[in-house]
2 protein chains.
Amino acid sequence: MLYRKVSQDQGSSAGHYTWQISIRLQLLLLVIVASFCLHLGAAEEELKSTSLNLMPWPVKVEITNGQFRLTENFYLGGEVKPGHRVFKAGARFMSRLAGRTGLFFEQDYLVTQEISNRTKFFYHFDQPGRLVPGEDESYQLEIYPEKIELKAKTDVGLLRGFETLLQLLFSDEQGYFFPCLRIEDFPRFTWRGLLIDSSRHFMPVDVVKRNLLAMSAVKLNVLHWHLSDDQGFRVESKVFPRLHQLGSDGCYYSQEEIKEIIQLASELGIRIVPEFDLPGHSTSWFVAYPEYASAPGPYQIERKFGVSLPVFNPTLEKTYKFLDRFLKEMTALFPDPYFHLGGDEVDPRQWKENPEIQKFMKKNNIPDEPALQAYFNRRLLKILTKYQKKMVGWDEIYQPGLPQDVVIQSWRGQEALVDAVRKGYQCLLSNGYYIDLMGSAEKHYLNDPVPPDSPLTAEEKKLVLGGEATMWAELVSPETVDSRIWPRTGAIAERLWSPVEIRDVDEMYRRLKVINLRLEENGVNHLKNQPMMLRRLAQSEQIKSLEVLAAVSEPIKGYSRHSQGKPYSSLSPLTRFVDACYSESFEARDFKRLVENFLKSRDRRQAEEIKGYLQLWQANHQELMAIVACSPVLKEIIPLSENLASISDIGLEALRLILNSKKIDPARLQTRQKVLEEARKPVAECELAVLPGVELLFNSLKK
Amino acid sequence: MLYRKVSQDQGSSAGHYTWQISIRLQLLLLVIVASFCLHLGAAEEELKSTSLNLMPWPVKVEITNGQFRLTENFYLGGEVKPGHRVFKAGARFMSRLAGRTGLFFEQDYLVTQEISNRTKFFYHFDQPGRLVPGEDESYQLEIYPEKIELKAKTDVGLLRGFETLLQLLFSDEQGYFFPCLRIEDFPRFTWRGLLIDSSRHFMPVDVVKRNLLAMSAVKLNVLHWHLSDDQGFRVESKVFPRLHQLGSDGCYYSQEEIKEIIQLASELGIRIVPEFDLPGHSTSWFVAYPEYASAPGPYQIERKFGVSLPVFNPTLEKTYKFLDRFLKEMTALFPDPYFHLGGDEVDPRQWKENPEIQKFMKKNNIPDEPALQAYFNRRLLKILTKYQKKMVGWDEIYQPGLPQDVVIQSWRGQEALVDAVRKGYQCLLSNGYYIDLMGSAEKHYLNDPVPPDSPLTAEEKKLVLGGEATMWAELVSPETVDSRIWPRTGAIAERLWSPVEIRDVDEMYRRLKVINLRLEENGVNHLKNQPMMLRRLAQSEQIKSLEVLAAVSEPIKGYSRHSQGKPYSSLSPLTRFVDACYSESFEARDFKRLVENFLKSRDRRQAEEIKGYLQLWQANHQELMAIVACSPVLKEIIPLSENLASISDIGLEALRLILNSKKIDPARLQTRQKVLEEARKPVAECELAVLPGVELLFNSLKK
């Protein structure tokens with residue numbers, strides 16, 4: 001529906017404020033839009049699949065003719081009772097539909113979903129689904145003018161189908177409808193996860209819950225919950241209560257809360273795989289139990305970030321007694337068949353420097369520290385096996401002799417994954433999905449656990465279970481974590497669900513922008529928290545100029561934020577301008593695309609649009625200065641804003657020259673070049689994401 | 001500090017978008033603002049108390065000379081250990097300070113707050129405070145250039161002082177500081193509460209927690225938690241688990257969650273008074289236990305709102321056995337010495353129609369149904385007394401012979417309170433604090449448990465413990481409840497804390513606007529949820545025109561929303577435009593004040609400002625129509641937007657005539673009058689809050 005597409009595009013080019021359009025144009029716009037609506041409402045224009053905003057894109061979409069019109073007597077029905085996962089999904093479905101449409105549904109959907117002659121939306125599944133890798137998550141969705149049918153092999157498949165249907169709500173002049181179509185769908189990979197690090201910064205229960213809801217909206221099905229690390233031990237242990245009493249600053253999940261979260265996840269068809277990282281990344285354990293560490297205590301909760309020295313002593317029998325009792329408790333608390341024991345980034349120094357440990361190694365023919373870690377893993381694996389869990393670990397757990405039913409999670413590279421698969425291990429890919437490093441959705445989207453040019457054989461490919469986006473939490477707080485997860489993780493969710501040939505980046509962004517808005521419905525604050533954070537910084541509601549700058553800025557990438565000034569600790573504020581910026585600037589991307597198109601076409605209208613952006617950015621600096629003047633915490637962004645104004649000057653000049661087919665004076669070229677280079681430097685841990693677009697414009701002068 | 005005041009005023013007149021100011025003016029503005037900053041930074045200009053944004057206003061504020069400059073080596077210290085309520089308050093204090101200022105404090109404030117030679121902020125209290133009415137909450141705050149001292153009789157007083165200090169953070173060109181001053185403060189009333197109704201719509205744990213934090217920021221100290229009603233039974237009962245299993249749709253607080261919330265409240269110095277409303281407002285109990293009702297079942301959870309018929313049968317001994325066991329459990333769960341048993345709005349019909357009940361009444365000389373309710377209360381009071389709780393109830397519990405240690409909460413009127421006090425009862429006022437009815441902050445602010453013209457004697461006045469704002473939840477959800485509580489409840493908080501002579505309404509609004517922003521720091525979403533809700537309605541990010549309309553609209557008042565169209569049920573969506581509007585339009589108030597001032601002064605600059613508003617509103621309709629065209633859920637606001645444009649036309653015309661000292665043609669007067677009257681009618685359950693301001697302008701033409 002082109003009109004829908006039009007309004008979505010308008011929604012994405014946030015730099016274009018509609019008040020700049022004259023009233024005459026607005027009326028014209030209104031007439032055009034209204035006639036589209038009427039036209040489409042009346043003629044039921046053939047819907048193109050490129051107008052659908054589905055993410056992940058289904059395996060098969062067949063658009064048929066017609067629409068299912070939504071009214072207040074929209075009844076859903078199936079054969080399940082209240083309390084059943086599907087019943088609850090049905091209730092949530094109706095609630096979200098009501099929330100979007102303002103319809104006061106007649107059905108008391110919290111009481112009954114029995115099939116009756118009023119039922120319009122029928123759901124059916126054959127058998128209960130188990131929350132294990134390999135479970136059938138397929139579904140078929142058929143929308144007819146008079147009814148909707150959702151079928152699946154398992155109830156988990158039904159949950160996937162509900163989310164697809166919710167992405168298919170359209171509207172026109174007459175009201176709301178679902179387009180008639182037929183979808184067949186099933187996931188490419190069975191393990192599609194998001195890691196949430198609750199240790200570096202504690203993530204309260206409501207943070208986890210809303211992110212579970214958002215995950216289910218894009219069909220992610222594993223929450224990999226990183227529950228312990230140097231900075232905090234986050235789970236209540238009744239067996240060793242001092243772990244959470246001394247290792248958490250009071251910020252931990254009670255067992256009841258964990259059960260509640262597991263319950264919600266189960267209702268959403270999401271598995272929860274807990275991780276207790278061992279033997280490294282474990283300082284917080286030793287605050288209470290220094291006797292299991294490899295160097296004498298006492299220990300404090302670690303506030304700094306990086307790889308820490310404290311590490312479990314794998315040569316003591318009491319270490320295994322301790323971990324056995326602990327894992328006995330935890331394996332009972334977490335029902336998933338898999339249990340992650342970490343194993344990454346073990347600094348061998350404390351092992352090397354402990355003579356008792358060295359003696360043990362000699363005595364037991366353990367040649368080096370990696371082999372000692374392998375010994376430790378073998379002991380832990382025995383324990384996990386005793387408690388009927390399968391082990392997952394990071395790359396480093398691989399050692400010759402590691403049993404083959406251990407799942408290896410690759411963070412160090414694609415090659416590492418290929419290696420492990422070739423040795424017969426089931427693997428997960430996280431390398432390339434490190435969303436904490438502020439990469440683009442494009443970059444994550446094209447990253448593939450089994451890329452098109454993969455050297456693996458068909459049999460080997462089966463060992464690749466899937467992948468996980470990783471939200472490491474050194475630089476996020478409950479206020480900002482949602483904006484670092486969403487919407488980019490939607491692109492990863494598609495990569496892990498949709499067929500391998502679904503790779504069109506522009507198409508992905510088109511749909512990602514819609515999903516970006518839709519996600520808010522689940523409670524995630526990735527969009528709404530920015531104005532709040534800017535208001536706090538400005539101590540004012542007049543934040544427009546800050547929003548304009550933020551829309552084209554991104555946090556600097558990789559680990560560079562840690563080396564810009566004062567080192568971050570877990571107590572450092574995460575409330576500055578950089579923390580308020582979104583992880584990816586859609587505006588910058590759109591601007592660059594616009595410039596690319598303009599340079600090809602020399603279209604005057606595109607030139608006007610480019611000019612509009614540049615003038616907005618150029619003018620923004622003055623307004624921003626007025627706000628920043630008495631906000632010391634915002635002083636740091638003045639050069640960023642100045643840079644934006646300067647590069648906009650350059651962009652406008654370049655645009656003028658291009659339009660008039662003029663050349664640029666070589667001396668001026670040089671000075672402009674210097675300004676652009678200067679603008680590449682990080683300011684306040686931010687970079688100007690629109691710089692590449694301006695450089696494109698400028699560089700075309702050189703030809 | 002006038003510069004601060006300037007920027008705050010700019011913050012409040014949200015209708016003025018700074019981009020309308022030319023660059024020249026912006027530079028001028030910048031120079032002016034910067035020189036204020038420099039001037040004040042250099043000269044330490046005398047601070048007027050009218051520049052302080054304290055709410056509630058303290059008893060005594062003495063501004064001295066100088067500033068305490070805030071730097072990264074700002075250490076706080078006192079004599080308490082980690083885990084202590086004050087230690088936690090200190091940690092929260094530092095965290096909020098860091099969040100606002102971006103300062104990376106050196107102190108590891110989660111580990112130690114020991115006094116050392118680095119300490120700059122000293123806190124001290126004499127004795128632990130008990131969370132009971134009448135406890136000492138006084139504090140003294142002294143800020144010197146080189147140190148800050150906060151002292152209080154009890155640790156609860158210290159908490160109050162921490163919040164005051166947080167309201168005293170200022171900034172200038174050089175950075176952040178606290179102005180040197182001396183404050184002595186203590187509350188006027190000891191019981192300063194907010195009722196949260198978790199039954200009509202369930203309020204998840206995070207909603208309650210963030211509102212506790214917001215309450216503490218304005219020194220409210222009682223959460224009156226309405227936990228059961230017709231629409232839902234919200235507490236886990238281990239003694240009668242079917243209560244929550246069948247009466248809650250799965251939405252209830254586990255006992256562990258309740259303990260957690262009580263714990264947080266205690267850390268904030270807030271009491272939690274639970275309410276289980278009996279014998280009416282109790283349908284949800286009878287789903288599981290119809291045998292205690294006065295008419296045969298079966299019963300369903302009530303979805304509709306209003307006064308329901310189901311009521312406990314007070315003539316059966318088993319009813320008291322049941323309630324005894326239940327109250328034994330609940331009185332152990334909730335530590336507060338007070339326990340609220342409701343008692344409001346009992347419909348006597350089921351009692352009248354039950355012959356057994358009528359027989360019982362005859363046999364026991366109970367003359368009428370009110371007397372039967374009194375009998376019920378006497379029986380319950382015995383139970384509560386056995387479990388060492390004091391009873392609180394609504395107006396209707398009063399009957400001759402009601403023991404004098406029952407606290408009566410007045411909702412039906414000031415006279416009812418005076419009556420009860422004169423009979424010797426301790427009382428609370430909620431009449432006039434019904435924030436669900438969408439009254440203005442002014443109205444609530446001037447409402448007083450002991451108004452200046454109170455007929456009570458000095459002794460009698462002592463029986464008035466305080467008051468409570470009531471957030472009845474028929475028309476709020478977790479998405480909107482914060483915007484219906486805040487910021488207006490800040491004005492009520494001041495009424496209940498500050499001396500009776502603090503009554504200047506304009507001054508209150510000046511400070512309320514600042515508090516409005518500051519509250520976000522506690523996690524409440526009263527501001528940030530509006531754009532999110534508008535985005536969902538528009539299915540777009542282009543919501544500017546919706547925000548312009550929302551800024552001058554308010555939900556209609558009283559109970560009128562329930563009679564506008566389809567009746568609301570507890571499953572109805574609360575996501576429409578009216579739900580996205582704030583409870584009070586500051587812009588409308590400012591506009592009206594502007595018009596009043598202009599009509600007195602005929603100042604040209606004010607005329608320009610008025611013109612600016614009116615032109616913005618007039619132009620808004622076109623843009624809004626483009627957004628609304630394909631959003632069926634927004635169709636209902638088209639007449640509202642049209643009305644805004646029409647009355648703006650009228651306002652602009654009136655303004656022109658006034659400026660040119662012209663009269664208005666009588667025929668035109670009539671047609672304009674009609675338009676204005678038409679614009680008074682509710683549209684989509686909203687009213688145009690700026691209409692009175694426009695009418696003021698228009699009516700001046702008649703003179």
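**Exercise 1. Determine which residue stands opposite A:Glu142 in S7(A), and describe the strands that pair with S7(A).**

Solution.
Step 1. The residue of S7(A) that stands opposite A:Glu142 is A:Arg182. This is a predicted model, in which local features need pLDDT of at least 70, side-chain atom pairs count only at pLDDT 80 or more, and totals for chains, interfaces and linings use all residues. Residues are numbered from 1 along each chain as its sequence is written, chains are lettered from A and ligands numbered from 1 in the order in which they are written, and side-chain values use heavy atoms, with hydrogens and water left out.

Step 2. Strand S4 (residues 139–143) of chain A pairs with S7(A) in the antiparallel sense over 5 bridges; two strands pair if DSSP finds at least two bridges between them. Strands (E, at least two residues) and helices (H or I, at least four) are DSSP runs, numbered from the N terminus.

Step 3. Strand S1 (residues 60–69) of chain A is also antiparallel to S7(A), with 7 bridges. Here A:Arg182 is the bridge partner of A:Glu62.

Step 4. Strand S6 (residues 170–172) of chain A pairs with S7(A) in the antiparallel sense over 3 bridges, and A:Ser171 stands opposite A:Tyr176. With 2 residues between them, S6(A) and S7(A) form a hairpin.

Step 5. Of the 11 residues of S7 (residues 175–185), 9 are buried, so the strand is largely enclosed by the rest of the structure. Buried means under 20% relative accessible area, exposed over 50%, and partly exposed in between (1.4 Å probe, protein chains only).

**Exercise 2. State whether A:Gln231 is buried or exposed, and trace its surroundings.**

Solution.
Step 1. A:Gln231 is found in the loop between strand S9 (222–229) and strand S10 (232–233) of chain A. Its relative accessibility is 2%, so A:Gln231 counts as buried.

Step 2. The side chains of A:Gln231 and A:Arg200 are joined by a polar contact of 3.0 Å. Such a contact is a pair of N or O atoms within 3.5 Å; within protein, one must be able to donate a hydrogen and the other to accept it, and residues adjacent in sequence count only if both atoms are side-chain atoms.

Step 3. A polar atom of the A:Gln231 side chain also lies 2.8 Å from the backbone oxygen of A:Lys304.

Step 4. A:Arg200 in turn meets A:Asp197 in a salt bridge (3.0 Å, N to O), that is, a side-chain nitrogen of Lys or Arg within 4 Å of a carboxyl oxygen of Asp or Glu. Both A:Asp197 and A:Arg200 are buried.

**Exercise 3. Describe the salt bridges of A:Glu356 with A:Lys359 and of A:Glu507 with A:Arg511.**

Solution.
Step 1. The side chains of A:Glu356 and A:Lys359 meet at 3.6 Å, N to O. These residues are 3 apart in helix H11 (residues 355–363) of chain A, so about one helical turn separates them. A:Lys359 is exposed, with a relative accessible area of 53%.

Step 2. The side chains of A:Glu507 and A:Arg511 meet at 3.1 Å, N to O. They are 4 residues apart in helix H18 (residues 505–518) of chain A, so they too are separated by about one helical turn. A:Arg511 counts as buried, at 2% relative accessibility.

Step 3. A network of salt bridges that share partners joins A:Glu142, A:Lys147, A:Glu149, A:Lys151, A:Arg182 and A:Glu184.
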